[in-house]
Amino acid sequence: MDAFVRKPPAGWRQDRGEASLTDVHRSVDVQASKPGWRRAVAFVGPGYLVAVGYMDPGNWATSIAGGSKFGYTLLIVALLSNIMAVVLQALCARLAIGSGRDLAQACRDSFPKPVALTLWFLAETAIIATDIAEVIGTAIGLNLIFGIPLEIGVLITALDVFLILYLQRLGFRWVEALIITLLGVIAICFAIQIALADPDWGAVIRGFAPTTQIVTNPEMLYLALGILGATVMPHNLYLHSGIVQTRAYGESLPEKRQALKYATIDSTVALTFALLINASILILAAATFNKTGQTDVAELGEAHKLIGPLLGLAIAPTLFGIALLCCGINSTVTATLAGQIVMEGFLKIKLAPWLRRLITRAIAIVPAAAVTIWYGDSGTARLLILTQVVLSLQLSFAVFPLVMFTADKAKMGALVAPRWLAIFAWLIAIVIAALNIKLLFDFVIGG
């Protein structure tokens, strides 16, 4: 498939140029001649790479803090955050399939150069903040399981770029297979821990019901906003709009409509899985720490130490560490891909794919490693919270352009977002902006 668009479509100022992730663009056959279920299966994958960002170590820190402090009450926040994520990720697939551009390319085309460069800088900052959380999580996981010092664990996480390069040479499906396998391991670890914790399922169900207490209790509101900030990740919007184009879905309108349907199903199912994992973390914290009166657990290392005695089984801390390590590895893989999409899309850099990936990885891993080594074992929870505040500040700069582009008929043509979806998406964008400004305000006032 030709990776270049020769004429700028209506609504866009210039042609797209090089395709997103050129080395794997349209590389996955969707088997147009096969039955519908076979085509649907061919689209399974990108959603799970996106789902990884919704269960990274930053989510662990906020969910553990929320569960230990307030029990099951904040489960409703995890649910609402996930609904927002489902809508936004569906818009990412719509933008990619309808326009043939990822979010970074669309921003480069639509805004003046100074604005586009500012958005690029903010996106890179968000990826670095995300990577700090993921590097910390991976390093803590290595430390908990193998006793590897944090400083060495941080350096080991840099090797994941070579893993991506190797797997992509085999085919992008191998990258997706690794991610889905690790997600399966995470699910098994939490299923066993939840069974051991034996939570109050009635209280769990009640936790998914709205309550005014979240708004009236300032401390609860702060943690709720932290969960939101840790759930809806800016880099995921760039990532999804790029990797959905790895599918060779054709150029006709019916083919694009079918691709949009299957891509939306893929991301929705995957994000529902992510909700189950995030809810499991909060439920586990509520059933172990909150139940026994330990309401101030926030450090991942502290949670690991406490969980064994509370669950009464020696393997419980190991399961916790394995799940954390898998989350960290998954998250660094997807953040590296997001970094490549952002740099290529905004800056139109023309380098060999392997070199671009190394450069984008270095931009994220070097500051992440430096900050992590500087903080050391103490203060990892504080550093994780700081990364979520940075992400909160950047989030709207990705959400508003996404909603604006997908609601523009001139840019999207027949695949423009329906009016009801556009209104719902604008509401989500405004709510996210307002809540994250509140989170930032609380952080500055409280800090």
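Helices here are DSSP runs of H or I with at least four residues, strands are E runs of at least two, and both are numbered from the N terminus. With that in hand, welcome to the tour of a predicted model.

**Stop 1: the whole chain**

Colour by secondary structure to begin. The protein has 20 helices and four strands. Now switch to a surface view: 58% of the 447 residues count as buried. The fold also brings distant stretches of sequence together, since among contacts with a separation of 6 or more, 83% join residues 24 or more positions apart.

**Stop 2: the nonpolar cores**

Select Trp60, Leu74, Leu88 and Leu103. These are the residues with the most contacts inside the largest nonpolar core, which has 117 residues. Apart from that core lies another of 13 residues, including Phe43, Ala96, Ala263 and Leu415. As background, nonpolar side chains tend to be buried together in soluble globular proteins.

Stay with Leu88 for a moment and show what surrounds it. Setting aside neighbours within four places in sequence, Leu88 touches Val232, Leu237, Val399, Leu402, Val403, Ile428 and Ile432.

**Stop 3: Val232, in a loop**

From Leu88, step across to Val232. You will find Val232 in the loop between helix H12 (218-231) and helix H13 (234-243). Is Val232 buried or exposed? Val232 is buried, with a relative accessibility of 0%.

Its contacts beyond four places in sequence are Tyr54, Ser81, Leu88, Leu395 and Ile432. Try a distance label from Val232 to Ala85 as well: the two C-alpha atoms are 5.9 Å apart, although 147 residues separate them along the chain.

**Stop 4: Gln394 on helix H18**

Next, select helix H18, which covers residues 380-406, and pick out Gln394 within that helix. Gln394 has a relative accessibility of 2%, so this residue counts as buried. Leaving out neighbours within four places, Gln394 is in contact with Leu119, Leu122, Ala123, Ala126, Pro234 and Tyr238.

**Stop 5: aromatic rings and charges**

Follow helix H18 to Phe405 and display the aromatic side chains. The structure holds five aromatic pairs. One of them joins Phe111 and Phe405, a tilted pair with 5.8 Å between centres and 40° between planes.

Which parts of the chain does this pair tie together? Phe111 lies in the loop between helix H5 (103-110) and H6, while Phe405 lies in helix H18, so the pair links parts that are 294 residues apart in sequence. Both rings belong to buried residues: Phe111 has a relative accessibility of 17%, and Phe405 has 1%.

Add Trp12 to the selection, and you have a cluster of Trp12, Phe111 and Phe405 linked by ring pairs. Then bring in Lys411, which lies over the face of Trp12 at 4.3 Å from the ring centre. Elsewhere in the model, look at Arg26, whose charged end sits over the ring of Tyr249, 4.2 Å from its centre.

**Stop 6: Thr138 on helix H6**

Move to helix H6, residues 113-146, and select Thr138. Thr138 is buried, with a relative accessible area of 5%. What does its side chain reach? The target is the backbone oxygen of Gly328, at 3.3 Å.

Gly328 also appears in the contact list of Thr138, which, setting aside neighbours within four places, consists of Thr157, Leu325, Gly328, Ile329 and Thr332.

**Stop 7: the cysteines**

Select the cysteines and show their sulfur atoms. How many disulfides are there? A search of the whole structure finds zero. Cys189 shows why: the closest cysteine sulfur, in Cys326, is 6.5 Å away, too far for a bond, given that a disulfide needs sulfur atoms within 2.5 Å.

Cys327 is in no disulfide either; its nearest cysteine sulfur, again that of Cys326, is 7.4 Å away. Cys189 is buried at 5% relative accessibility, and Cys327 is buried at 1%.

**Last stop: Ala362 on helix H17**

Finish at helix H17, residues 353-375, and select Ala362. Is Ala362 buried or partly exposed? With 34% relative accessibility, Ala362 counts as partly exposed, because this class runs between 20% and 50%. For a final distance label, join the C-alpha atoms of Ala362 and Thr336: they are separated by 9.3 Å and lie 26 residues apart along the chain.

Terms used. Residues are numbered from 1 along each chain as its sequence is written. This is a predicted model: local features need pLDDT of at least 70, side-chain atom pairs count only at pLDDT 80 or more; totals for chains, interfaces and linings use all residues. Side-chain values use heavy atoms; hydrogens and water are left out. Buried means under 20% relative accessible area, exposed over 50%, partly exposed in between (1.4 Å probe, protein chains only). A polar contact is a pair of N or O atoms within 3.5 Å; within protein, one must be able to donate a hydrogen and the other to accept it, and residues adjacent in sequence count only if both atoms are side-chain atoms. Contact means heavy atoms within 4.5 Å. A nonpolar core is a set of buried Ala, Val, Leu, Ile, Met, Phe, Trp, Tyr and Cys residues joined through side-chain atoms within 4.5 Å. Rings of Phe, Tyr and Trp (its six-membered ring) pair if their centres lie within 6.5 Å; planes under 30 degrees apart count as stacked, over 60 as edge-to-face and the rest as tilted. A charge sits over a ring if NZ of Lys or CZ of Arg is within 6 Å of the ring centre and within 35 degrees of the ring normal.
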